[in-house]
Each structure stands twice: as C-alpha cells, then as structure tokens.
Amino acid sequence: MKIPAWMYRLEDVEFKMRDKPMLIIDWLLTHPVAKEIPENIRQARLAKYGYNPAPVVKEPEAAPAIKTRTRSPKIRPLDKEERQASVIRESKNK
C-alpha cells in the first residue's frame, strides 16, 4: 500500500525535529509540502505541538459618511437705507 508523499515528508520532519516543536510548527505553517496536507490533519498536528493561533480581531466597520448639503445663503439686495448707509461709510473711510 502506498502512502501519500505529504505523509512521508511529515513523518520525516517529525522524526528529524522531534525535540523542536517550534520548528515543526513553522514547517507546518510555511513549507509548500505542508500545504498539501489535509486541513484537519494539519490543524491536529499544530494543536499537538502547542500552536494556538492568535484570535482574529475584526476592525469595527467605519460609519457611513453622512451627506449633508447646506444651501448657500441667499443674498438679498440692499434696500434704500442700507445703500445710503453704505455710501456714507465709504465716504468716511476715504
């Protein structure tokens, strides 16, 4: 009966690094051959050697931008008294 290549490699790595669990964890997480190992077996081996993945922290969703439209103020024309006062102020400032 044939064994899969990834199983042979896994047993080889576990034998060579039997007293270095951190190196085995690193191999299981990064090596291309380790990517071929079925996920449930890989997770079981990681747990066996004491690997606890950091919990995934979701970033809070940004609040949607509130679109506020301000109307430009309506400019009303000067009435007769305001126009006269403006002319007087202008003549005094000269």
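In this predicted model, Arg42 touches Leu28, Leu29, Ala34, Lys35 and Ile37, leaving aside residues up to four places away in sequence. Arg42 sits in helix α3, which covers residues 39-48. With a relative accessibility of 10%, Arg42 counts as buried, because the cut-off for that class is under 20%. This arginine makes a convenient entry point to the helices described next.

A second charged residue with a buried position is found in helix α1. Glu14 belongs to that helix, and its relative accessibility of 13% places Glu14 among the buried residues. Not counting residues up to four places away in sequence, Glu14 touches Ile24, Arg45 and Tyr49.

Helix α1 itself rewards a closer look. The helix runs over residues 5-16, and its 12 residues should span 16 Å at 1.5 Å a residue; the C-alpha atoms at its ends are 17 Å apart, in agreement with that expectation. Which residues of α1 are buried? They are Trp6, Leu10, Val13 and Glu14. Viewed down the axis of α1, these buried residues fall within an arc of 100°, so they line one face of the helix. An α-helix has 3.6 residues a turn, so residues three or four places apart point the same way. The buried residues of α1 pack against α2 (21-30) and α3. On the face turned away from the buried side, α1 carries the exposed residues Ala5, Tyr8, Phe15 and Lys16. One of these, Phe15, has a charged partner: Arg18 lies over the face of the Phe15 ring, at 4.5 Å from the ring centre. As for pairing between aromatic rings, the structure holds 0 such pairs.

Helix α2 can be read in the same manner. Its buried residues are Ile24, Ile25, Trp27 and Leu28. Seen along the axis of α2, they fall within an arc of 160°, so they too line one face of their helix. On the other side of α2, Met22 and Thr30 are exposed. The cover over the buried residues of α2 includes α1 and α3. Two of the contacts already described lead back to this buried set: Ile24 is touched by Glu14 of α1, and Leu28 is touched by Arg42 of α3.

Attention can now turn to the chain as a whole. There are 4 helices and 0 strands, and along the sequence they follow the pattern α-α-α-α. The radius of gyration of the chain is 38 Å, well over the 12 Å that the globule rule gives for 94 residues, so the chain is more spread out than a compact globule. The dimensions give a further view of the chain: along its principal axes, the C-alpha trace spans about 110 × 30 × 20 Å. Buried residues make up 15% of the 94 residues. Among contacts with a separation of 6 or more, 38% are accounted for by residues 24 or more positions apart.

Several residue pairs put distances on this picture. Lys2 lies in the segment before α1 and is exposed, with a relative accessible area of 80%. How many Å separate the C-alpha atoms of Lys2 and Ser86? The separation is 102 Å, for two residues that are 84 residues apart along the chain.

Pro64 offers another reference point, in the loop between α3 and α4 (80-93). Its relative accessibility is 69%, so Pro64 counts as exposed. Between Pro64 and Ala5, the C-alpha to C-alpha distance is 51 Å, with 59 residues separating them in sequence. Ala5 was met above as one of the exposed residues of α1, on the face turned away from the buried side.

Within helix α4, Val87 serves as a final example. Val87 is exposed, with a relative accessible area of 53%, a value that passes the cut-off of over 50%. The C-alpha atoms of Val87 and Asn52 are 81 Å apart, and the two residues are separated by 35 residues along the chain.

Key: Residues numbered from 1 in each chain as written. Predicted model: local features only at pLDDT ≥ 70, side-chain atom pairs only at ≥ 80, totals over all residues. Heavy atoms only, no water. Helix = DSSP H or I, 4+ residues; strand = E, 2+ residues; numbered from the N terminus. Buried < 20%, exposed > 50% of the residue type's maximum accessible area, 1.4 Å probe, protein only. Contact = heavy atoms within 4.5 Å. Expected span 1.5 Å × (residues − 1). Arc of directions from axis to C-beta. Phe/Tyr/Trp six-rings, centres within 6.5 Å; stacked < 30°, edge-to-face > 60°. Lys NZ or Arg CZ within 6 Å of the ring centre and 35° of its normal. Rg over C-alpha atoms; globule rule 2.2 N^0.38 Å.
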